[in-house]
Amino acid sequence: MDYQPMNQPPSPPAALELDQRLTRALEAVPEVRIPADFAVRVASQVPARPVVSLTQTHYGDYAMFLGIVVTLAALFIFGLHTSDRRTFNLAETFLLTDFIGLTVWLSVRRHSLR
Amino acid sequence: MQTDLTFEQVVSDHQAMVFRTLLRLTGSREHLDDLAQEVFLRLYRALPSFRGESLLTTYLYRITVNVAQDEWKRRRRDDRTHISISDDTSGWEDRLQHPSRNAEQQIEEREFQQAVEEHLQRLSQIERAILVLYHQEERSYEQIAHALNLPIGTVRTHLHRGRKKLREALQTHQTEERRVAWTTNR
């Protein structure tokens, strides 16, 4: 590859010749001896890729169902036992949002999996 | 990269490039096989995260330079003696073709080549890597910058600085040789 020096004044002939010889020397490609079976040997040493299980699991769905049930139960418990209206509103809003969110997410997800 | 056969093909296609780059970067034929193997094993491990943002060759150059750097660090730790690139039965410079040159010129050229190799090994790791990628592997500034994760300006600066150092070292080497020759002839 031709080397373009960076903003330099023209070199005298001797320096130019040295520069050309240097470029030739750097461009010389070394001869290498590669074992004939190198590619096979390397390919045989690579670890086998872990087998990916294609059996579908539903742990996430079960957890979501459980979450909905627990949230619903918590809503009832709060409704029955809380006398402080302010605390009740805050907790109720949080649980209700949680409940609606989980229900919508799960129904959309189940629909998309069909 | 789905099967071993495909990976074997990748190794087969790029092994020459990896071997010659490692040879020039480490300056030794010792452990060349093991180092090349390490390059391809690292490539294999990195393949799942390879998203095709760059060419496989650029990615491979990056790994090769990293493996060579690890080898330099290991050698520095071991404090090993320097082994020349020509420490095999015959130097690779011997096999370079010099068409239509007489024997004296060939010897001179071989000695010059050997001097370049010696001084190349005295440069910093990054300068050597850039010089090898630019001149031997004919990579562009952009490709080198991408492979080494450096700005293009830095690549240009290192290339210029590396060549300057080499040129100065060779000039000193030549002056010294002429002085020795003159003294012995007297």
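Here are some questions and answers about this predicted two-chain model.

Me: Before we start, what are the ground rules on numbering and confidence?
Reply: Residues are numbered from 1 along each chain as its sequence is written, and chains are lettered from A and ligands numbered from 1 in the order in which they are written. This is a predicted model, where local features need pLDDT of at least 70, side-chain atom pairs count only at pLDDT 80 or more, and totals for chains, interfaces and linings use all residues.

Me: What pattern does chain B follow along the sequence?
Reply: Helices and strands here are DSSP runs, numbered from the N terminus (H or I, at least four residues, for helices; E, at least two, for strands). Chain B has seven helices and zero strands. Read in order, that gives α-α-α-α-α-α-α.

Me: What share of the residues of chain B count as buried?
Reply: A residue is buried if 20 or more other C-beta atoms lie within 10 Å of its own, exposed if 12 or fewer, and partly exposed in between, with C-beta atoms placed from the backbone. Applied to the 186 residues of chain B, the buried share is 32%.

Me: Where does the largest nonpolar core lie, and which residues touch the most other members?
Reply: A nonpolar core is a set of buried Ala, Val, Leu, Ile, Met, Phe, Trp, Tyr and Cys residues joined through C-beta atoms within 7 Å. Domain 1 (1-82) and domain 2 (122-186) of chain B, with bounds from an automatic or database domain assignment, both give residues to this core, so it lies between them. Of its 38 residues, those touching the most other members are L22(B), I130(B) and L133(B).

Me: Which residues does I130(B) touch, not counting those up to four places away in sequence?
Reply: Two residues are in contact if their C-beta atoms, placed from the backbone, lie within 7 Å. On that basis, I130(B) touches I144(B), V155(B), H158(B), L159(B) and G162(B).

Me: Which helix gives the most to the side of chain A that touches chain B?
Reply: Across the interface, 25 residues of chain A are in contact with 34 residues of chain B. On the chain A side, the elements giving two or more residues are α1 and α2. With eight residues, the top contributor is α1(A).

Me: Within what arc do the buried residues of α1(A) fall?
Reply: The buried ones in α1(A) are L22(A), A25(A) and L26(A). The face turned away from them carries the exposed P13(A), L16(A), E17(A) and Q20(A). The arc is that of the directions from the helix axis to the C-beta atoms. Seen down that axis, the buried residues line one face of the helix, because they fall within an arc of 95°.

Me: Which residues of chain B does V29(A) contact, leaving aside its neighbours within four places in sequence?
Reply: V29(A) sits in the loop between α1 (13-27) and α2 (38-45) of chain A. It counts as partly exposed, because it has 16 C-beta neighbours inside 10 Å. Its partners in chain B are R20(B) and Q136(B).

Me: What is the phi of N149(B)?
Reply: Most residues other than glycine have a negative phi. N149(B), in the loop between α6 and α7 (152-185) of chain B, is exposed because only 8 other C-beta atoms lie within 10 Å. Its phi is positive, near 60°.
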